[in-house]
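Reader: Before I set up any calculation, I would like to go through some residues with you, their places, contacts and exposure. Could we take them one at a time?

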Amino acid sequence: MATRSFLLCTFSLLVAGSAAMVLREELLAVADCYRMGCPRIYDPVCGSDGKSYPSPCRFRQAACIVSVTDPKAEELTIVHKGECNPEPTIAEEQQQAQISDVDTCYDAPCTFIYMPVCASDGKTYPNECVFGQAVCAHSVTDASAPKLTVVSQGQCPETEDESAKKEEQQEQQEEEVVDITTCYSIACPRMYAPVCGSDRKTYSNICVLAKAACVVSVEDPAGPELTIDHKGECGSTSEEPIPQLIETKPKKEQKGEEVLDIETCQSTICPRLYLPVCGSDGKTYPNLCLLAKAACIASVENPSAPELTVDSKGECGSSDPVPQLIETKPKKEQKEEVKEVSKKGEQQQQQEDVVDIETCQSTICPRLYLPVCGSDGKTYPNLCLLAKAACIASVENPSAPELTVDSKGECGSSDPVPQLIETKPKKEHEEEVKEVDKKEQQQQQDITMCNSIICPRLYLPMCGSDGKTYPNFCLLSKAACIASVENPAGPELTIASKGECGSSDPVPQLIISKPKQQEEEEPVTSCFKPGCPRIYLPVCGSDGKTYSNTCLFQQAACASQTADPSAPELTIVSKGTCDEQEEQQQRNKLQKAIDDVAHLLRQIEEEEPGQQQDQTEDPVLVCLEKVCGRKYLPVCASDGKTYHNTCLMDQASCVLSAVQPDAPAITAEYIGECGNPWPITS
């Protein structure tokens, strides 16, 4: 009995070792299922398990998990497209089939080449490929309809109605001078100078009211015009003080914010509309926005001056009726007036901004020292810098005397001044430039050739004639090559002494005499001359080493045979890494040990026939005969224990029922460790 117990324990340990060996493969299989990335697309399908899956990809993921966790279960398949409930009707199936047939018409992509054809349905198709797709789709959707054919090459001729519609659309686009986009493009300042509109609403300033009036006139041209009812908030009495166009801050605050206020005023972007208004200063402004902008600037520059307000609509001194806030002039006159105003503005701007400091400072002068003395008594390095200073002085102080050249040379000096341009002929100058370029190119090529010398990484120090220590003679030669190119007239760089500069230690020979064995081993390098590709297709050699591919293995075999002809020939044992070969050998050894123990147990049972009256085999041994894999797919069982996989759980249940027939069977509660179930996506 002691021998039998020992064999049972040994068998259990071998089974546990087998389970541990196959653990990695099973875990990788589950990881592959979860590694399957699915897009967020809702294309539901119904599985054979009666569950609806959001997409075919999610279904494949679930089927993979089921096949790994329960190999005995039936294969999970797709019953039909769509959710499981309700089942699709015959009409829906026919419609789905028709849609899929139409989709097949567009499987072949067409090019973007524009070679139009006119079809029998009166439509123009970009090319014959697109026309073929339309013919296919037309025949699938309506088989009884007449077949589409090509009537002619090129675009289909337009009918009178289509040409008339196009002309109307073009005329409408030309006539729409002002639209909502133009209205909203008005950028108004953030000021509170309230005005009450004719719609009894209070607007923060005139510009905001003009913007609202523009929008109203575009949205409802036939509606009443939005105008200014009075200054101030709606509902206020006439005795209440009316704020200026710019808010009435204390003068101290205004002076402190003067620069900021002017920038704010100038940042106002007004539309290019001609809706003239006459200001209280007697000037005509193209529209309300520009008047508000001018009033803003005037109030900042001169806060004590009278406020700039609207005197009347229309041009100053004109008795013509004033249009609504959105002008009603003919389109041609309006365009001509806008062009004239823009031309006048551009001419005035060009006359005012002829020269400014930025233009003066943008002058780039050469770095030459040809001094000139200016009329201000200062010496300038050259004429260009004097001209630059004269430009800046004329902008900063136009009434000051002009800055000119007083004399050549430094102020107070009588030395002759060199000419600004050398007096050599152009041909000689060009030839000299070419010769210099050729010399530089040749010198660069020579330096590149010197740098191409590849020196070994040996430390055999040499002291050069320049007093520097070089690691070896090759590097000293390389430095001597570069020095001779860069300075041909300089002294030649040679060897002053062997060893480091200032050292008396003996120096080894420059070239070491190789032993005979190394000289004999030189043919080995011929095995590595052909290059091998960087492909990873591993093979295991008879020397127990893994080679990345067959080419590298052949190189190693050649080198081994060349170095030691008497050594055994190197061969390929198996494809794959040697680690896999070792694992397979260990599995074979373990399986052989399990078979030997099982055979020994059978022999013991045959030698003790008295103990097998009612049954021919021990039920515990029957349970343990099955070899479970080593995959790690943990399951939490009904006994509260975590088993590595379902096979080991079944073995434990079998052993328990054999030992205690009345005990309940062990079943799986869920996949995963107890207290940590694995998530399963549906």
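Reader: Where does Asn287 lie, between which strand and which helix?
Author: The model is a predicted one, and in it Asn287 belongs to a loop rather than to a helix or a strand. That loop runs between strand 11 (284-285) and helix 11 (288-301).

Reader: Is Asn287 buried or exposed?
Author: The cut-off for a buried residue is a relative accessible area under 20%. Asn287 has 5% relative accessibility, and therefore counts as buried.

Reader: Which backbone nitrogen does the side chain of Asn287 reach?
Author: The loop residue Asn287 lies between strand 11 and helix 11. Its side chain comes to 2.9 Å from a backbone nitrogen, and the residue that carries this nitrogen is Leu290.

Reader: How many salt bridges are there by the rule used here?
Author: The rule asks for a side-chain nitrogen of Lys or Arg within 4 Å of a carboxyl oxygen of Asp or Glu. One pair that meets it is Asp229 with Arg200, at 3.0 Å from N to O, and another is Lys313 with Glu225, whose closest N and O atoms are 3.5 Å apart. By this rule the count is two.

Reader: How many residues apart are Asp229 and Arg200, the partners in a salt bridge?
Author: The side chains of Asp229 and Arg200 meet in a salt bridge of 3.0 Å. Asp229 sits in strand 9 (residues 228-231), while Arg200 sits in the loop between strand 7 (195-197) and strand 8 (202-203), and this pair links distant parts of the chain, the separation being 29 residues.

Reader: What is the phi of Arg200?
Author: Arg200 is placed in the loop between strand 7 and strand 8. Although Arg200 is not a glycine, its phi is positive, at about 65°.

Reader: Why does the pair Lys313 and Glu225 tie together separate parts of the sequence?
Author: Lys313 forms a salt bridge with Glu225, with 3.5 Å between the closest N and O atoms. Lys313 lies in strand 12 (residues 310-313) and Glu225 in the loop between helix 8 (206-219) and strand 9, so the parts that the pair ties together are 88 residues apart in sequence.

Reader: What relative accessible area does Glu225 have?
Author: Its partner Lys313 counts as partly exposed because its relative accessibility is 43%. Glu225 is likewise partly exposed, and its relative accessible area is 30%.

Reader: Which residues form the negative surface patch?
Author: One member of the patch, Glu428, has its place in helix 15 (residues 426-451). Glu428 counts as partly exposed, because its relative accessibility is 41%. The patch is formed by Glu428, Glu430, Glu431 and Glu435.

Reader: Which side chain is joined to that of Asp639 by a polar contact?
Author: Asp639 has its place in the loop between strand 22 (635-637) and strand 23 (642-643), and it counts as partly exposed at 33% relative accessibility. Its C-alpha atom is separated by 6.5 Å from that of Ile666, which is 27 residues apart along the chain. The polar contact of 2.8 Å joins the side chain of Asp639 to that of Tyr643.

Reader: How far apart in space are Thr404 and Leu386, C-alpha to C-alpha?
Author: Thr404 lies in the loop between helix 14 (383-396) and strand 15 (405-408), and it is partly exposed, with a relative accessible area of 35%. Thr404 and Leu386 are 18 residues apart in sequence, and their C-alpha distance is 7.9 Å.

Reader: What separates the C-alpha atoms of Cys551 and Leu537?
Author: Cys551 lies in helix 18 (residues 550-563) and counts as partly exposed at 26% relative accessibility. Along the chain, Cys551 and Leu537 are 14 residues apart, and the separation of their C-alpha atoms is 9.9 Å.

Technical notes:
Residues are numbered from 1 along each chain as its sequence is written. This is a predicted model: local features need pLDDT of at least 70, side-chain atom pairs count only at pLDDT 80 or more; totals for chains, interfaces and linings use all residues. Side-chain values use heavy atoms; hydrogens and water are left out. Patches are made of residues with over 30% relative accessible area and no salt bridge: like charges are joined within 9 Å, nonpolar side chains (Val, Leu, Ile, Met, Phe, Trp, Tyr) within 5 Å. Accessible areas come from the Shrake-Rupley method with a 1.4 Å probe; for residues, only the protein chains shown count as cover. Lys and Arg count as positive and Asp and Glu as negative; His and the chain ends are not counted. The place of a charge is taken as NZ of Lys, CZ of Arg, CG of Asp or CD of Glu. Helices (H or I, at least four residues) and strands (E, at least two) are DSSP runs, numbered from the N terminus. Buried means under 20% relative accessible area, exposed over 50%, partly exposed in between (1.4 Å probe, protein chains only). A polar contact is a pair of N or O atoms within 3.5 Å; within protein, one must be able to donate a hydrogen and the other to accept it, and residues adjacent in sequence count only if both atoms are side-chain atoms.
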